[in-house]
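Subject: Structure handover

Hello,

Here is the structure I said I would pass on. My notes on what was found in it follow below.

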Amino acid sequence: MPGAVIVGTQWGDEGKGRFTDYLAKEASLCVRYQGGHNAGHTLVVDGEVFKLQLVPSGILYPWVVPVIGNGVVVDPAVLLKELEMLDGRGIETRRLRLSGNAHLIMPYHQELDRLNERYLGNAKLGTTKRGIGPAYADKAMRVGLRVQDLFDPKIFREKLDLALREKNGVLTKVYNRLPVDADELAKQYLDLAPRLEPLVDDTVHLVHEALDAQQWVLFEGAQATFLDLDHGTYPFVTSSNPVSGAVCAGAGAGPRDLERIVGVVKAYTTRVGAGPFPAELPEGDEVGDLLVDRGAEFGTNTKRRRRTGWLDLVMVKHASRLNTCSELAITKLDVLSPLAELKVCVGYLGEDGTRYDHVPYHQSIIHKVKPIYETFPGWQSDIERAERLDDLPPEAREYVRFIEDYTGVHVSFVSVGPARDQTVVLPRAA
Ligand code: GDP
Ligand code: IMO
Ligand code: MG
């Protein structure tokens with residue numbers, strides 16, 4: 001069996017976790033390939049809610065091996081706490097495999113993340129303040145510490161001293177903060193090593209062993225296409241590459257190993273943090289408030305209210321291309337149920353009257369475009385119990401069909417509530 005990727009097509013929180021959980025049933029490995037604990041993935045199974053940040057969403061099936069790949073940045077204390085939480089709820093977590101090549105998030109990364117944001121003032125990005133940007137910056141600068149370094153105290157200390165030479169200079173001289181104490185920090189991290197050691201593995205090897213054995217390997221994206229460092233709305237992005245192609249670098253699979261690429265699309269759009277959002281509803285808008293209330297649109301992680309807007313298909317189509325989506329999964333269709341009328345963004349109008357049917361690459365254009373909408377009738381009935389396509393009202397089917405037509409990508413799944421079983425499977429037309 002090939003590799004399959006679950007990737008967000010908007011600005012995150014589309015429901016990647018719930019679809020990873022749904023599809024992982026058939027998999028042998030479930031692999032995170034980028035991001036860190038800036039992610040918040042929510043799974044609802046038999047009335048129980050699981051909120052995950054670092055642990056892959058396949059963890060709930062005892063036969064699935066959850067893998068944290070080399071492309072992830074790991075705060076070891078956060079990982080251990082999450083594993084403890086899961087163990088406490090009866091989920092066996094010793095199966096988890098952690099790449100020795102994954103980079104560590106250090107406390108100074110988190111402090112620098114907070115300070116960078118403060119110093120940016122009005123230009124701040126609205127990061128999750130988890131140290132993600134500074135940790136990836138150190139990886140690119142080749143002064144990062146990796147999981148494997150935890151098991152060689154001498155090397156760990158040498159690398160830490162080297163990193164702190166620059167970090168302490170910046171903290172004290174640029175930001176007027178206290179320097180980091182190397183002894184204390186080394187002890188704090190090395191004390192965690194014995195608990196992490198049994199989890200550490202050559203995860204690239206594991207991925208290829210599974211692929212060679214014709215087993216299904218599921219790669220779980222965090223963040224999403226428009227938060228991608230290269231393809232998102234830079235600089236209002238995260239510091240990794242969530243797009244499907246990044247599975248190759250972040251988990252060590254090859255491009256030809258990826259066959260199924262599932263783009264997850266929320267039935268409307270949300271965004272947390274700053275940055276352009278063409279189809280955004282103005283603050284105080286009734287529809288926006290309804291989406292926040294019914295969709296519980298508050299960050300899993302930071303509890304921030306998410307910004308809301310109509311479904312933007314210009315973005316979703318672009319994301320389908322960037323990720324070469326083989327199919328789409330639409331989430332939260334139930335949230336739209338009370339609305340009499342639905343709008344879908346099908347193009348943008350630039351300040352100078354230019355019409356765009358693709359996402360303009362230039363920042364000053366994307367910041368100023370206005371959405372061009374097509375209007376659809378709502379269904380105004382409950383759909384939470386729908387099990388098959390035929391159970392959905394004709395207006396809901398039309399909405400889904402329009403997404404397929406516009407993007408040219410088959411919609412395989414529609415979810416009508418947060419629970420695992422609130423998933424409608426749409427067969428491909430023969
Ligand atoms: P992720 O980061 O992409 O995994 O998404 P999050 O878990 O951060 O956000 C998605 C939220 O929507 C979670 O609270 C889910 O429980 C919830 N959710 C997912 N699918 C559905 C759905 O079909 N309907 C409703 N009402 N909620 C959903
Ligand atoms: P999941 O996996 C939504 C956003 C932050 C901020 C920007 C940069 O749950 O979809 P960072 O801390 O990564 O440097 O912040 O990215 N962001 C997310 N928004 N869902 C996420 O993850 C996000 N992870 C980061 O709000 O705008
Ligand atoms: Mg999330």
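Which polar side-chain atom lies 2.9 Å from a nitrogen atom of ligand 1? That atom belongs to Arg18. Before going further, please keep in mind that this is a predicted model.

Ligand 1

I start with the surroundings of this ligand. Ligand 1 is surrounded by 18 residues, and the closest of them are Gly15, Lys16, Gly40, Asp334 and Ser415. Two of these closest residues use their backbones. A polar backbone atom of Gly15 is 2.8 Å from an oxygen atom of ligand 1, and a backbone N or O atom of Lys16 is 2.7 Å from an oxygen atom of the ligand. On its own, ligand 1 exposes 580 Å², and the protein buries 93% of that area. The elements that contribute two or more residues to the shell around ligand 1 are H1 and E3. H1 provides the largest share, with three residues. Sorted by class, the shell around ligand 1 holds three nonpolar, eight polar and seven charged residues. As for its location, ligand 1 sits in the second largest pocket.

Helix H1

Since H1 appears in that shell, the helix itself deserves a few words. H1 covers residues 16-24, and eight of its nine residues are buried, so the helix is largely enclosed by the rest of the structure. The buried residues are Lys16, Gly17, Arg18, Phe19, Thr20, Asp21, Leu23 and Ala24. Two of these names have already come up: Arg18 has the side-chain atom by the nitrogen of ligand 1, and Lys16 has the backbone atom by an oxygen of ligand 1.

Ligand 2

The second ligand sits in the largest pocket. It has 20 residues around it, of which Lys16, His41, Thr128, Gln223 and Thr238 come nearest. Lys16 is thus listed among the nearest residues of ligand 2 and among the closest residues of ligand 1. Three polar pairs can be given with their distances:

- Thr238: a polar side-chain atom lies 2.6 Å from an oxygen atom of ligand 2.
- His41: an N or O atom in the side chain is 2.7 Å from an oxygen atom of ligand 2.
- Asp13: a polar backbone atom is 2.9 Å from an oxygen atom of ligand 2.

Taken alone, ligand 2 exposes 550 Å², of which the protein buries 97%. The shell around ligand 2 consists of seven nonpolar, 10 polar and three charged residues.

His41

Is His41 buried or exposed? With a relative accessibility of 7%, His41 counts as buried, because buried means under 20%. His41 belongs to strand E3, which runs over residues 41-45. Besides the pair with ligand 2, the side chain of His41 makes a polar contact of 2.8 Å with the side chain of Glu220.

Backbone features

A few places in the backbone are worth a look. Tyr234 and Pro235 are joined by a cis peptide bond, with omega about 5 degrees. Pro235 is in the loop between strand E10 (217-220) and helix H9 (246-251).

Lys129 has a phi near 60 degrees, a positive value in a residue other than glycine. The residue lies in the loop between helix H3 (107-120) and helix H4 (132-141). Its relative accessible area is 40%, so Lys129 is partly exposed.

Lys332 also has a positive phi, near 65 degrees, and is likewise a residue other than glycine. Its place is in the loop between strand E15 (327-331) and strand E16 (341-349).

Two pairs along the chain

How many residues separate Ser99 and Lys16 in sequence? They are 83 residues apart, and their C-alpha atoms are 22 Å apart in space. Ser99 is in strand E7 (residues 97-99) and counts as buried at 3% relative accessibility.

The other pair is Phe151 and Glu197, which are 46 residues apart along the chain, with C-alpha atoms separated by 7.4 Å. Phe151 is found in the loop between H4 and helix H5 (153-174). Its relative accessibility is 25%, and Phe151 counts as partly exposed.

Regards

Technical notes:
Residues are numbered from 1 along each chain as its sequence is written. Chains are lettered from A and ligands numbered from 1 in the order in which they are written. This is a predicted model: local features need pLDDT of at least 70, side-chain atom pairs count only at pLDDT 80 or more; totals for chains, interfaces and linings use all residues. Side-chain values use heavy atoms; hydrogens and water are left out. A residue is near a molecule or strand if one of its heavy atoms lies within 4 Å of it. A polar contact is a pair of N or O atoms within 3.5 Å; within protein, one must be able to donate a hydrogen and the other to accept it, and residues adjacent in sequence count only if both atoms are side-chain atoms. Accessible areas come from the Shrake-Rupley method with a 1.4 Å probe; for residues, only the protein chains shown count as cover. On a 1 Å grid over the protein atoms alone, a cavity is a set of points where a 1.4 Å probe fits but cannot get out, and a pocket is an open set with protein on both sides within 12 Å along at least five of seven lines; lining residues have an atom within 4 Å of a point. A molecule sits in a cavity or pocket if more than half of its atoms lie within 2 Å of its grid points. Ala, Val, Leu, Ile, Met, Phe, Trp, Tyr, Cys and Pro count as nonpolar, Asp, Glu, Lys and Arg as charged, and the others, Gly among them, as polar. Buried means under 20% relative accessible area, exposed over 50%, partly exposed in between (1.4 Å probe, protein chains only). Helices (H or I, at least four residues) and strands (E, at least two) are DSSP runs, numbered from the N terminus.
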